[in-house]
Amino acid sequence: WLLARYIASPQWLKSTIVLAYAAVPMRLRVGPSWQHWCDLANLSQQDDAGQGQIFDTLVRHKLRQTLVCALNHVPVWQPHQALLQESDPYLLLRQLPLLGKDMIKRDLNAHLAQNRPARHRMKMFTGGSTSTPMQFYIEQGVTRVKEYAFIEEFHSRVGLGSEDVVLALRGRSVPGARDGTRFWMYEPIKRHLLFSSDHLEPQH
């Protein structure tokens, strides 16, 4: 609700809000584990062979943890528990069937881990750039901080500075696009120039 109100607010108000928001340390904005995930993201880009091996081992371990959780606690995957006998997580992953959006939409609860309390879930929706938005959940205090840390690392790797702007087609509703006055808006917190994904036709 707050995000929708912020996006729909006038540009001068968004710019005012970002001045206050920018003063808040990242660990308070996204969670206390911010530095931990930043360190891991940085480790993934180390040229040192030893550091790279550590990261590869960590990736394999995390994938294994994810698959164990899914096959033990997610109803739609529980029939495949016998695959846990495979020690290589990549080989295990290759043996699992692919899912389509329609399957998840038909029964979202069957695709949720039952060992995590429902109060930890935060409801989200895909941007809808394919015109079929999909509901899903992220874990509060966990998912976002991981994503932000790795995105920040990617930005630094490609040379994106603190004042640079990113062009974003994310399915956001652009207020001016409704009446055809303006098909874009600037979101100053993430420094995104948002274009209306509902108006990608040549005439626009």
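**Close-up views of salt bridges, a pocket and a surface patch**

D88 is partly exposed in this predicted model, with a relative accessible area of 22%, a value that lies above the 20% under which a residue would count as buried.

**View 1. R60 and D88 form a salt bridge.** In this pair the closest N and O atoms are 3.1 Å apart. Because R60 belongs to helix α5 while D88 sits in the loop between α5 and α6 (89-94), the contact ties together parts that are 28 residues apart in sequence. R60, at 37% relative accessibility, counts as partly exposed, and D88, at 22%, is likewise described as partly exposed.

**View 2. R116 and E139 meet through their side chains in a salt bridge.** The N to O distance is 2.4 Å. Distant parts of the chain are linked by this pair, since R116 lies in the loop between α7 and β1 (121-125) and E139 in strand β2, 23 residues apart. R116 counts as partly exposed at 37% relative accessibility, and E139 is also partly exposed, with a relative accessible area of 26%. E139 appears again in View 4, where this residue is among those that lie nearest the centre of the second largest pocket.

**View 3. Within helix α7 (residues 101-106), R106 and D102 form a salt bridge.** The closest N and O atoms of R106 and D102 are 3.5 Å apart. Both residues lie in α7 and are separated by 4 residues, about one turn of the helix. R106 is exposed, its relative accessible area being 63%, whereas D102 counts as partly exposed at 44% relative accessibility. The structure holds 3 salt bridges.

**View 4. The second largest pocket is lined by 37 residues.** About 1200 Å³ of space lies in this pocket, and the residues nearest its centre are T66, C69, V74, A113 and E139. Helices α4 (34-43), α5 (49-73) and α8 (143-157), together with strand β2 (135-139), each supply at least two residues of the lining. The largest share comes from α5, which contributes 9 residues. By residue class, the lining divides into 26 nonpolar, 6 polar and 5 charged residues. Helix α5, which provides that largest share of the lining, is also the helix that holds R60 of the pair in View 1.

**View 5. L167, L169, W184, F195 and L200 make a nonpolar surface patch.** The patch covers about 510 Å². One of its members, F195, is placed in strand β5 (residues 192-195). With a relative accessible area of 31%, F195 is partly exposed; because a patch takes residues with over 30% relative accessible area, F195 meets this condition with its value of 31%.

**View 6. The overall fold, given for orientation, comprises 8 helices and 5 strands.** Read along the sequence, these elements follow the pattern α-α-α-α-α-α-α-β-β-α-β-β-β. Of the 204 residues in the protein, 24% are buried. Among the elements shown in the closer views, β2 occupies residues 135-139 and α8 residues 143-157, while β5 spans residues 192-195.

Note on methods. Residues numbered from 1 in each chain as written. Predicted model: local features only at pLDDT ≥ 70, side-chain atom pairs only at ≥ 80, totals over all residues. Heavy atoms only, no water. 1 Å grid on protein atoms, 1.4 Å probe; cavity = no way out; pocket = protein on both sides within 12 Å on 5 of 7 lines; lining within 4 Å. Points joined across faces, edges and corners; volume = space filled by probe spheres on them. Nonpolar A, V, L, I, M, F, W, Y, C, P; charged D, E, K, R; others polar. Patch = residues over 30% accessible without salt bridge, like charges linked within 9 Å, V, L, I, M, F, W, Y side chains within 5 Å. Areas by Shrake-Rupley, 256 points an atom, 1.4 Å probe, with all protein chains shown as cover. Salt bridge = Lys/Arg side-chain N within 4 Å of Asp/Glu carboxyl O. Buried < 20%, exposed > 50% of the residue type's maximum accessible area, 1.4 Å probe, protein only.
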